[in-house]
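User: I'm new to this, so could you pick the surroundings of the ligand and give them a really close look? After that, a few words on the chain elsewhere would be great.

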Amino acid sequence: MFQSFKTIEWKNDKVHLIDQRKLPLEESYVVCEDYQQIASAIKNMVVRGAPAIGVTAAMGVALGALGIDAKNFTDFFEKIEKICDVLDATRPTAVNLKWATERMKRFCQKNRHLPLSEIQQRLKMEAATILEEDIATNRQIGKWGAELLPPRATVLTHCNAGALATGGYGTALGIIYTAHEQGKIVEVFADETRPFLQGARLTAWELKKNHVPVRLITDNMAGFFMKKGGISCVVVGADRIAANGDVANKIGTYMVAVLAHRHDIPFYVAAPLSTIDIKTPDGPAIPIEERPIEEVINFGRQQVSPGDIKVSNPAFDVTPAELITAIVTEKGVVRAPFKENIQRIFDKKI
Ligand code: MRU
């Protein structure tokens, strides 16, 4: 059976999150009892990865709603909006966060005729639906994406776009898991992903747990292995995809895309439609989160630089659409021209 852990779980009106800061050395869970704790868990990277952040935020809205004491719907909804503002402010790049809070707000409005206690219960159910849909979406992405991989594939991935980064199964790793079930995967090269080490700590951990052969490399080794030959393709996730197909993903993704292009290696992006932000026209319009400088100054807890120096820590970069071979969504595979074909995939009936 796939994976023996749950990334996000709603239990007895509390949200249990696997603590991703502690992996792979410790498998422990953070339990959130209110929306403020959810906001802090997202901000502090207990939970991370665009779809996982979205699911967690939806649960945050549901938890927040349970704590609201309101006179009428208008009063209730004002309080929901404030909760959503707090959650939205936690991380700026992953658009799934806002997608989820907007969906929860629309759900409230749709049910405004009901008693407030009923809306509170239904918001819990809606958050659970978002989680279930996310897992189903990833299975579908896995199915479409696995078709793109050649037999005996060696796949390079960057960051963690797996079960840990989603409600379950994963986007980029969802493709790898499906291809592995089909006997197509020879090996996965996992970039370590400095500075937060999502590749070394999380991708390596979950692939190993699911018996997928994995080889860990540092980020600066990707070019060496591509030049040597034997990398069939690159598969990564996304935090936000602009209307023109530009992709924001973990810092270093752009570098991998340029290298893949240089070596004529297909570069695939796996993401649900909730990661595509039609309102953002192109990559330069995507807000890029700047994270604490200590992540760069230190390696884990160990200081590895003088400390009193100028440091930058952008958490994401943008890969222009021209470097992307295809974007794999739950509705199918999108290729260039991306602007037109992204619109088409939204309109596609399934
Ligand atoms: O800073 P993080 O760990 O939240 O960044 C995660 C990534 O960049 C992932 O590659 C992306 O969210 C896709 S997750 C399915």
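Analyst: Let's start with the ligand and then follow the chain to a few other spots. A quick heads-up: this is a predicted model, so local features need pLDDT of at least 70 and side-chain atom pairs count only at pLDDT 80 or more, while totals for chains, interfaces and linings use all residues. Residues are numbered from 1 along each chain as its sequence is written, and side-chain values use heavy atoms, with hydrogens and water left out.

So, where is the ligand? It sits in the largest cavity. A cavity here is a set of points, on a 1 Å grid over the protein atoms alone, where a 1.4 Å probe fits but cannot get out; a molecule sits in one if more than half of its atoms lie within 2 Å of its grid points. Helix H2 (50–66) and strand S9 (247–250) are the elements that give two or more residues to the shell around the ligand. Helices (H or I, at least four residues) and strands (E, at least two) are DSSP runs, numbered from the N terminus.

Now for the neighbours. The ligand is surrounded by 19 residues, and the closest are Arg91, Gln198, Asp239, Asn249 and Lys250; to count as near, a residue needs a heavy atom within 4 Å. By type, the shell has eight nonpolar, seven polar and four charged residues. The nonpolar group is Ala, Val, Leu, Ile, Met, Phe, Trp, Tyr, Cys and Pro, the charged one is Asp, Glu, Lys and Arg, and the others, Gly among them, count as polar.

Three polar contacts (pairs of N or O atoms within 3.5 Å) deserve a look. Asparagine 249 has a polar side-chain atom 2.7 Å from a ligand oxygen. In lysine 250, a side-chain N or O atom is also paired with a ligand oxygen, at 2.7 Å. Glycine 49 joins in through its backbone, where a polar atom is 2.9 Å from an oxygen of the ligand. On its own the ligand has 420 Å² of accessible area, and the protein covers 100% of that; the areas come from the Shrake-Rupley method with a 1.4 Å probe.

Go back along the chain from H2 and you meet methionine 45, in the loop between helix H1 (35–43) and H2. Its phi is near 70°, a positive value in a residue other than glycine. Methionine 45 counts as buried because its relative accessibility is 1%; buried means under 20% relative accessible area, exposed over 50%, and partly exposed in between (1.4 Å probe, protein chains only). Asparagine 12 also has a positive phi, about 50°, without being a glycine, but at 73% relative accessibility it counts as exposed.

What about helix H6 (residues 172–181)? Eight of its ten residues are buried, so the rest of the structure largely encloses it. Among those buried residues are Leu173, Ile176 and Tyr177. Just after H6, glycine 183 takes a positive phi of about 75°.

Further on, proline 195 sits in the loop between strand S5 (185–191) and helix H7 (198–209). The peptide bond joining arginine 194 to proline 195 is cis, with omega about 5°. Leucine 23 and proline 24 are joined by a cis bond too, with omega near 5°.

Notes. Polar contact = N/O pair within 3.5 Å; in protein donor to acceptor, adjacent residues only side chain to side chain. 1 Å grid on protein atoms, 1.4 Å probe; cavity = no way out; pocket = protein on both sides within 12 Å on 5 of 7 lines; lining within 4 Å.
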